[in-house]
Amino acid sequence: MLTAAAITLAGLGAAVGLSSGAYTSRIHKAHPASGRRIEVGGYGVHVLEAGTAGPPVLMIHGASANAREFTWTLAPKLEQDFRVLMADRPGHGHSRRPPGAEALGVQAAQMAGVLEKLAPDEQAVVVGHSFGGAVALRLALDRPELVKGLVLLAPVTHDWGGDGHAWYNRFAASRLIGPAFSQVVPLVGPAQVGAGIGGVFDPSPAPEGYFEKSGIGLLFRPPAFRANARDVRVLDRELAAQSKRYGELAMPITVFSGSKDTVITPAKHTARLKKQADIDLVILPEEGHMPHHNHGADVADAIRRLASPPGSR
C-alpha cells in the first residue's frame, strides 16, 4: 500500500513534470527549429544558415548556449560574402544527442558531418567560442582536410586541474538523480540566469535583449540542461588527453582572448596553446569571455583573412 508521503511525492513529481513540459512547449514556440536538420550517424544536427554564396564558415557555440548566439552577432557581418553555418552541438538547441556525446571526438564528428553534407569538397574556416573552441580544435585534429583555418573566441583548450563547475551540474549530470533534478530546472533556472549572464560579459555590460536574442531559454529544458552538465563535467579530463595533440595542428589559427575573462583563466588555456601551436593571439585588454560581441568586426576580418586564397591577403 502506498503511504501518504509516497502519494504526495508522486503527485509533486507529476506536477513538476507537467510544468517542465509546458515550459518546453513555450520555449519551442519562442525559438523553433527554424534551420536545416542534417542527419549525421543517425542523429539530427540542427543548422542555422546565413548567406548563400562564398566560402563556408562553420560556427560552434559554447556551453549553456546554442547556434543562435551567432545569428545576430557574427553572421550579419559575413553573410554577404560567405555561407555561414551555425550548428547546435549535440543535445543543445535542436540537435539530437548521440550516446557518448560528452566526448569531444563525438561532438567533432557531428560537426564534420555537417561540413561533409553542406560543404562537400571544400575547406571551411571553423569558428569556436569557449567550449566550442575545444570542439573546433578536435575537428581540426581529427579531420584536418575539412578545415582551412580556425578562429577561436575565448576558447577552453587545456585541463585546469579540477572540474571547477557549479554544484547544480554535479546533480544534473548524475545518472541516478539527474533526470529528476533536471525536471525542476525550468521552474527556477530562468529566474536565476541574470547574474550568470552578467558574469560572462564582465567587465562589459551584457547587451540588451541577450537572453531572448540568443535563445538562452532553450538551456533550461531538462534534456538540454543535463547534456550541458555532462559536457562540462568531463571536459577537464577530455582536454587533458586532447591537448597532447596540439603539435599536430598545421592550419592557420587566430585566437581572441579577453585579458579580464573571469569564466576561464587565459593563462591556463590560450597561453598554453601558444606554446604548442603556431597561433596568432589577439589579446583584448578590457574584454571578458564574449569577444565576438564588442569586437565582432575584428573577428569577421580574421575570418576573411583565413578564408582568402593564398596570395590575395
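## Close-up views of a predicted model

**View 1. Gln 276 is partly exposed, with a relative accessible area of 33%.** The model shown here is predicted. A relative accessible area of 33% puts Gln 276 between the two cut-offs, because buried means under 20% and exposed means over 50%. Gln 276 belongs to helix α9, which covers residues 270-276. Neighbours within four places in sequence are left aside in the contacts that follow. Gln 276 then touches His 158, Ser 243, Tyr 246 and Gly 247. Asp 261 sits 15 residues away from Gln 276 along the chain. The C-alpha atoms of Gln 276 and Asp 261 are separated by 21 Å.

**View 2. Ser 243 is a buried loop residue that touches Gln 276.** Ser 243 is found in the loop between α8 and β7 (253-258). Its relative accessibility is 6%. Ser 243 therefore counts as buried, since the cut-off is under 20%. Residues up to four places away in sequence are not counted among its contacts. On that basis, Ser 243 is in contact with Thr 157, His 158, Asp 159 and Gln 276. His 158 also appears among the contacts of Gln 276.

**View 3. Gly 44 is buried in strand β2.** Strand β2 runs over residues 43-50. What relative accessibility does Gly 44 have? The value is 0%, so Gly 44 counts as buried. Leaving aside neighbours within four places in sequence, Gly 44 contacts Arg 37, Ile 38 and Glu 39, along with Ser 95 and Arg 96. Gln 110 lies 66 residues from Gly 44 along the chain. The C-alpha atoms of this pair are separated by 9.0 Å.

**View 4. Helices α6 and α8 cross with right-handed geometry.** Two packed helices are described by the angle between their axes and the distance between the axes. Here, α6 spans residues 178-201 and α8 spans residues 222-242. Their axes come within 8 Å. The crossing angle is roughly 120 degrees. Which residues make the contact? From α6 come Gly 178, Pro 179, Phe 181, Ser 182, Gln 183, Val 185 and Pro 186. From α8 come Pro 222, Phe 225 and Arg 226. By class, the contact has six nonpolar residues, three polar residues and one charged residue.

**View 5. The largest pocket has a volume of about 1300 Å³.** Its lining is made up of 44 residues. Nearest the centre of the pocket lie Ser 64, Tyr 168, Asn 169, Val 200 and Asn 228. Helices α5 (167-173), α6 and α8 each supply at least two lining residues. Which element gives the largest share of this lining? Helix α6 does, with 12 residues. The lining divides into 26 nonpolar, 16 polar and two charged residues.

**View 6. The largest cavity has a volume of about 30 Å³.** The count of cavities of 30 Å³ or more comes to one. Ser 64, Ala 65, His 92 and Gly 93 are among the residues that line the largest cavity. Leu 218, Leu 219, Arg 221 and Ala 224 also line this cavity. The lining has four nonpolar residues, three polar residues and one charged residue. Ser 64 appears in the lining of this cavity, and Ser 64 is also listed among the residues nearest the centre of the largest pocket.

Notes
Residues numbered from 1 in each chain as written. Predicted model: local features only at pLDDT ≥ 70, side-chain atom pairs only at ≥ 80, totals over all residues. Heavy atoms only, no water. Axes fitted to C-alpha atoms, helices over the stretch in contact; angles between N-to-C directions. Helix = DSSP H or I, 4+ residues; strand = E, 2+ residues; numbered from the N terminus. Left-handed = near helix turned anticlockwise from the far one by under 90°. Contact = heavy atoms within 4.5 Å. Nonpolar A, V, L, I, M, F, W, Y, C, P; charged D, E, K, R; others polar. 1 Å grid on protein atoms, 1.4 Å probe; cavity = no way out; pocket = protein on both sides within 12 Å on 5 of 7 lines; lining within 4 Å. Points joined across faces, edges and corners; volume = space filled by probe spheres on them. Buried < 20%, exposed > 50% of the residue type's maximum accessible area, 1.4 Å probe, protein only.
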